[in-house]
Amino acid sequence: MNTKITEKISWVGFIDWDIRDFHGYETRRGATYNSYLVRDEKVAVIDSVKRPFAEKLLENITELVPPEKVDYVVCNHAEFDHASSIPVLMERLPNAVLVCNAKCQKTLSSYFDTSTWRWKIVGNGETLSLGGTTLKFLLTPMVHWPESMMTYVPEEKLLFSMDAFGQHLASSERFDDELPLGEIMEEAETYYANIVMPYGPQVLQTLEAAKTLDIRMFCTSHGVIWRKNLSVILEAYTRWASRKVEPKVLILLDTMWDSTHRMADAIYSGVLDVPGVSAKILNVRRTSLTDIATESLEAACCAMGSSTLNGLPMPMMSAAMTYLQGLRAPIKYALSFGSYGWGRGATEEISAWFEKAKWTPACEAVKCMYLPDADVLAKCREAGRVLAEKAKECGE
Ligand code: FEO
């Protein structure tokens, strides 16, 4: 199965309807691995698919050209969802030369036996002519791996944008004007939060470079191709990469016997005392890490609370902390809260962790022994108000 993108360019990728876990990222709508075939005097395959689907990719390519007619396989990114079928392509496309940058060559050679491959190593701005079609390579390090690269086709005004602007979204439709924009943006936001969020400065650099190009289509490596709403996704990426936040307080909690939950409810009431600030309570044992990351993308503040279990936060709270720290969630101010029994630990651990996450405590932590009494709940409500005022300042 293939889809015509332009006269000379076809989509030859794979739609993964089944996948629900992409290295821990919950892909509730499945995924696609977008590979493209460019046919001119010379023929190039742009990126591959996950290894189990290599035969499908070959089938899609050979529906359009005989295998011996493929001159180049371009690898824009060495991560396995795009590169793990490349060894199969290099074996079965007998005349293909692998085109990539030097870092990518090193990475591919660490993963695979590349001893029989023929290479063309390209640098930033270098071009490769396929006849009437030019491939121009743009190095985009850390968007989101060191060897990440994009490929621009000036004659078509088309950018193979790799993971950037992608969405994990399986669909029979290939273009952004064929599905509801809200659904696409929901998945684009989830994708950005869970994959791209740590690399805001590098994304901004890439966006600056992209501004110098005339682009009418972003051919992403995942999800739909952008041909109508390019300004919408560009504006969203600019906002997310700039780490701009909304007047929103995220309340993350895990609770053993409901005490910490009651405290969270009181904090929530305090936040809502401040007009113009929104709040959301997420129980980390009932919410996927994927959704927690997405909710953190534009939240100015976070209240993080856990019961103490064996001197530490509850395990899923520790998982959320680890995940958000790695993703460098742009939360500005935070509050630690929670209940304990005979021994303390969770609230202290969370407060100490704020330094690692670079979140500034908005006020003193609120903790209670066993059950929160009226005094503790009043402190929680006041802490919620303080946090909301900070969220308002940051989100304005
Ligand atoms: Fe879709 Fe970074 O791979």
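**Note on aromatic contacts and internal spaces**

1. Tyrosine 33 and phenylalanine 53 are both buried, and this, like everything below, is read from a predicted model rather than from an experimental one.

2. The structure contains 17 aromatic pairs. One of them is formed by tyrosine 33 and phenylalanine 53, whose rings are stacked with 6.0 Å from centre to centre and 10° between their planes. Because tyrosine 33 belongs to strand β6 (residues 31–33) while phenylalanine 53 sits in the loop between β8 (43–46) and α1 (54–62), the pair ties together parts that lie 20 residues apart in sequence.

3. Elsewhere, ring pairs join Phe80, Tyr111, Phe112, Trp117 and Trp119 into a cluster, which the reader may wish to display together in the viewer.

4. Two arginines deserve a look alongside the aromatic rings. Arginine 174 lies over the face of tryptophan 11, at 4.4 Å from the ring centre, and arginine 227 lies over the face of phenylalanine 175, at 3.7 Å from the ring centre.

5. Tryptophan 17 is placed in the loop between β3 (14–16) and β4 (21–22). Its C-alpha atom is separated by 5.6 Å from that of alanine 170, although the two residues are 153 residues apart along the chain. When neighbours within four places in sequence are left aside, tryptophan 17 is in contact with Gly30, Ala170, Ser171 and Ser172, so that alanine 170 appears here as a contact partner as well.

6. The largest pocket encloses about 330 Å³ of space. It is lined by 16 residues, of which Met256, Thr308, Tyr340, Gly341 and Trp342 are the closest to its centre. Strands β20 (308–309) and β22 (333–340) are the elements that give two or more residues to this lining. Sorted by class, the lining of the largest pocket comprises seven nonpolar, eight polar and one charged residues.

7. As for enclosed space, the count comes to one cavity of 30 Å³ or more, and the volume of the largest cavity is about 30 Å³. Val143, Met150, Ala164, Phe165, Val203, Thr206, Leu207 and Tyr237 line this cavity, with helix α6 (residues 200–211) giving the most to the lining, namely three residues. The lining of the largest cavity has seven nonpolar residues, one polar residue and no charged residues, whereas the lining of the largest pocket has one charged residue.

Terms used: Residues numbered from 1 in each chain as written. Predicted model: local features only at pLDDT ≥ 70, side-chain atom pairs only at ≥ 80, totals over all residues. Heavy atoms only, no water. Phe/Tyr/Trp six-rings, centres within 6.5 Å; stacked < 30°, edge-to-face > 60°. Helix = DSSP H or I, 4+ residues; strand = E, 2+ residues; numbered from the N terminus. Buried < 20%, exposed > 50% of the residue type's maximum accessible area, 1.4 Å probe, protein only. Lys NZ or Arg CZ within 6 Å of the ring centre and 35° of its normal. Contact = heavy atoms within 4.5 Å. 1 Å grid on protein atoms, 1.4 Å probe; cavity = no way out; pocket = protein on both sides within 12 Å on 5 of 7 lines; lining within 4 Å. Points joined across faces, edges and corners; volume = space filled by probe spheres on them. Nonpolar A, V, L, I, M, F, W, Y, C, P; charged D, E, K, R; others polar.
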